[in-house]
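Student: I've got a model open and I'd like to talk through how its helices sit together. Can we take it step by step?

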Amino acid sequence: MQHRDITILKKILSEIDVASGFIKDVSLHDFEENEIIKRAVCMTVINIGELVKNLSDDFRESNT
């Protein structure tokens, strides 16, 4: 695994922590009703998707 992959994976874990913080103690009903939380979580998921695209081909091939 390349150092770059490790850095990206740490950023992905950080984004997961951020999203988890947004929905901590939020019921499904409250989540569905709160446009700000929904958009914040969606943006975090988009960030994760962008980070995943930067993982090396070798890493992605060995982990699928």
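Tutor: Sure. A helix here is a DSSP run of H or I with at least four residues, numbered from the N terminus. Bear in mind that this is a predicted model.

Student: Okay, which helix holds Thr44?

Tutor: Look for the run that spans residues 35-53. Thr44 falls inside that stretch, so by the DSSP numbering its place is in helix α3.

Student: Is Thr44 buried or exposed?

Tutor: Buried means under 20% relative accessible area. Thr44 has a relative accessible area of 4%, so Thr44 counts as buried.

Student: Which residues is Thr44 in contact with, leaving aside its neighbours within four places in sequence?

Tutor: One of them is Val18, which is found in helix α1, residues 3-23. The full set for Thr44 is Glu15, Val18, Ala19 and Phe22.

Student: How are α1 and α3 oriented to each other, roughly parallel or roughly antiparallel?

Tutor: Their axes are 9 Å apart, and the packing angle is about 170 degrees. Angles over 145 degrees count as roughly antiparallel. The contact includes Val18 and Phe22 of α1 and Thr44 of α3. So α1 and α3 are roughly antiparallel.

Student: Val18 is in that contact, so is Val18 buried, partly exposed or exposed?

Tutor: Between the buried limit of 20% and the exposed limit of 50% lies the partly exposed class. Val18 has 36% relative accessibility, so Val18 is partly exposed.

Student: What is the area of the nonpolar surface patch that Val18 helps make?

Tutor: Val18 makes the patch together with Phe22 and Ile23. The area of that patch is about 220 Å².

Conventions
Residues are numbered from 1 along each chain as its sequence is written. This is a predicted model: local features need pLDDT of at least 70, side-chain atom pairs count only at pLDDT 80 or more; totals for chains, interfaces and linings use all residues. Side-chain values use heavy atoms; hydrogens and water are left out. Patches are made of residues with over 30% relative accessible area and no salt bridge: like charges are joined within 9 Å, nonpolar side chains (Val, Leu, Ile, Met, Phe, Trp, Tyr) within 5 Å. Accessible areas come from the Shrake-Rupley method with a 1.4 Å probe; for residues, only the protein chains shown count as cover. A salt bridge is a side-chain nitrogen of Lys or Arg within 4 Å of a carboxyl oxygen of Asp or Glu. Helices (H or I, at least four residues) and strands (E, at least two) are DSSP runs, numbered from the N terminus. Buried means under 20% relative accessible area, exposed over 50%, partly exposed in between (1.4 Å probe, protein chains only). Contact means heavy atoms within 4.5 Å. Axes are lines fitted to C-alpha atoms, for helices over the stretch in contact, and angles run from 0 to 180 degrees between N-to-C directions. Angles under 35 degrees count as roughly parallel, over 145 as roughly antiparallel, 65 to 115 as roughly perpendicular and the rest as oblique.
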